[in-house]
Amino acid sequence: MSMMFRTEPACMLARAARLGLGALAFFVALPTALPTPAQAELVIDVRRGSVQPMPIAIADFTGEGDLGSRVSGIVTSNLKRSGYFAPIDKARFPEQQPAFNAAPQFEAWKAVGVQGLVTGRVTRDSGGRLKTEFRLWDVTTGQQITGQQYFTDPNNWRRVGHIISDAVYTKITGVGGFFDTRVVFVDESGPKENRRKRLAIMDQDGGNVRYLTQGDNLVVTPRYSPATQDIAFMSQASGQQARVQVINLESGSRQVVGNFPEMTSSPRFAPDGQKIVMSLQQGGNANIFVMDLGSRTTTRLTNTNAIDTSPSFSPDGREIVFESDRGGQQQIYVMGADGSNPHRISFGEGSYSQPAWSPRGDYIAFTKRKGSSFAIGIMKPDGSGERLLTEGFHNEGPTWAPNGQYVMFFRDPGGQGGGRLYMVDVTGRIEQPVPTPSFASDPTWSPLLTEARPQ
């Protein structure tokens, strides 16, 4: 049975973080004007507290040796790790490799409990570029939900898998994607007493690890720019003051932010990437300053006899959340981006630190310590609705996925071991380990590397 297919509006790669991988030329084919299919039922409401993972099948993509199965394998792994999908085992497939240009055997797929089906094909065009096509089917209604084509260099096959994963995830959940992203973190190796710490970058699933520093200096608290391929972090050479530095992922250039006599720490970019807010030590105290990266103008935002640190902008740039012990122990405060109207928003038992504003603006993530327990939690910007997502020893360093649906953090059990990365969704129901080559801490999540735009 032959059928007609439609594609979604075309999109194109708007950001290309090279980092030794070469410039990316990546385009999606223009849509075909075809009739709109009937209303589909393939929907997951991820905002609910309890979500049953959707049974889905990702068939091996046809064509081009084993590249098809490798791309579809990335899609399978990503969707499973999201916690909202339950890919069925290939042994249960009624069709092992469905023909790409024909409708699947919907009744057979329904009989094994599948609700969504992804099929695809990987070939090369006349210029040697990799051409990858996929289709997402609603098995219940027998309708195609989305279908796209991608052209790119064959070396970018992993990214194709991530971008297809985002397309499927977004179409079914209605929430933006997060698979075509990277994570910068502190890689830790060697004995506990003499750990070598290097900045490293990888795909969000642990692939394509690259090292940004050599381990000759102490590095902590990296922060990804929401708008550029820059990373701010604190670096300290032996016998010197700790300094905030910025490294550009495309050029590899590094620069010190400001020439302050005392230690600077806890950097965070403004939403437009043009400013950095950070903490400056002044004797036994620390206050928050913001620097314009273009003019190098510095403005002081707090002026207290306390330790004010870990500032984080709201996504609209109008407010800053930070931690302060001005009330006796670490708590979370919010103030205007100009330092006006600072007010406390955390009032639960224990201390609160490391606040991070969600890209959606709806929550602030934090680390909460109560006795020997370290929890990762979220609260609304006014302090209401506090909810702990995961608790134990020793959780720290929350960072948001660009879709605001997941928080990544690190957990260090103590002893001679070291930290490992994990991610948890905003319901707290889904928690997954994030693979790294060795011990890891201080993760920071990139924005989406792709940006969809109608053509």
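## D187 and its partner S438

Let's start with a single pair of side chains: D187 and S438 are joined by a polar contact of 2.7 Å. This is a predicted model, so read that distance as a value computed from predicted coordinates. D187 sits in strand β7, which covers residues 182–189. Is D187 buried or exposed? With a relative accessibility of 0%, D187 counts as buried.

What else does D187 touch, once residues up to four places away in sequence are set aside? S438 turns up again here, together with P437 and F439. The others are R196, K197, R198, A200 and Y211.

## The sheet around β7

Strand β7 belongs to an open sheet of four strands, in the order β9-β8-β7-β30, and the pairing is antiparallel. At the edges are β9 (210–211) and β30 (439–445), each of which pairs on one side only.

Look at β7 alongside β8 (residues 196–203) and you'll find eight bridges in the antiparallel sense. One spot to look for: E188 stands opposite K197 in β8. That same K197 is also among the residues that D187 touches.

## Another open sheet, β10 to β13

Further along the chain there's another sheet to find. Its four strands run in the order β10-β11-β12-β13, and it is open, with antiparallel pairing. Why is one side of β10 and of β13 left without a neighbour in the sheet? Both β10 (218–224) and β13 (254–256) stand at the edges with a single partner strand each, so that one side of each stays free of a sheet neighbour. From one strand to the next, the twist averages 25°.

For β10, strand β11 (residues 230–236) is joined to it by five bridges, and the two run antiparallel. If you want a landmark, find V219, which stands opposite S235 in β11.

## D308, a second buried aspartate position

Now move on to D308, in strand β18 (residues 308–313). D308 has a relative accessibility of 0%, so it counts as buried. Its side chain has a polar contact of 3.1 Å with the side chain of T304.

Which residues is D308 in contact with, leaving aside neighbours within four places in sequence? The list includes S279, A286, N287 and I288, and it goes on with T302, F322, E323, S324 and R326. I288 is worth picking out: it lies 20 residues from D308 along the chain, and the C-alpha atoms of the two are separated by 6.2 Å.

## Two hairpins that share β23

Strand β23 (residues 364–370) is a good one to trace by eye. Five of its seven residues are buried, so β23 is largely enclosed by the rest of the structure.

On one hand, β22 (residues 351–357) is joined to β23 by five bridges, running antiparallel. W357 stands opposite I364 in β23. These two strands form a hairpin with six residues between them, and G361 in the turn has a positive phi of about 85°.

On the other hand, seven bridges join β23 to β24 (residues 373–379), again running antiparallel. Here T367 has I376 in β24 as its bridge partner. The hairpin of β23 and β24 has two residues between the strands, and G371 takes a positive phi near 65°.

## The whole chain, by the numbers

Stepping back, the protein chain's secondary structure comes to three helices and 30 strands. Of its 455 residues, 54% are buried. Among contacts with a separation of 6 or more, 48% are between residues 24 or more positions apart. The accessible surface comes to about 18600 Å², and carbon and sulfur atoms account for 47% of it.

## How far to trust it

The chain's mean pLDDT is 88, and 90% of the residues reach 70 or more. Which stretch has pLDDT below 50 and 80 contacts beyond near neighbours in sequence? That's residues 1–25. Residues 29–38 are also below 50 in pLDDT, with 21 contacts beyond near neighbours in the model. Where pLDDT is low, don't read the predicted coordinates in detail.

Note on methods: Residues numbered from 1 in each chain as written. Heavy atoms only, no water. Buried < 20%, exposed > 50% of the residue type's maximum accessible area, 1.4 Å probe, protein only. Contact = heavy atoms within 4.5 Å. Areas by Shrake-Rupley, 256 points an atom, 1.4 Å probe, with all protein chains shown as cover. Polar contact = N/O pair within 3.5 Å; in protein donor to acceptor, adjacent residues only side chain to side chain. Pairing = 2+ DSSP bridges. Axes fitted to C-alpha atoms, helices over the stretch in contact; angles between N-to-C directions. pLDDT = per-residue confidence, 0-100.
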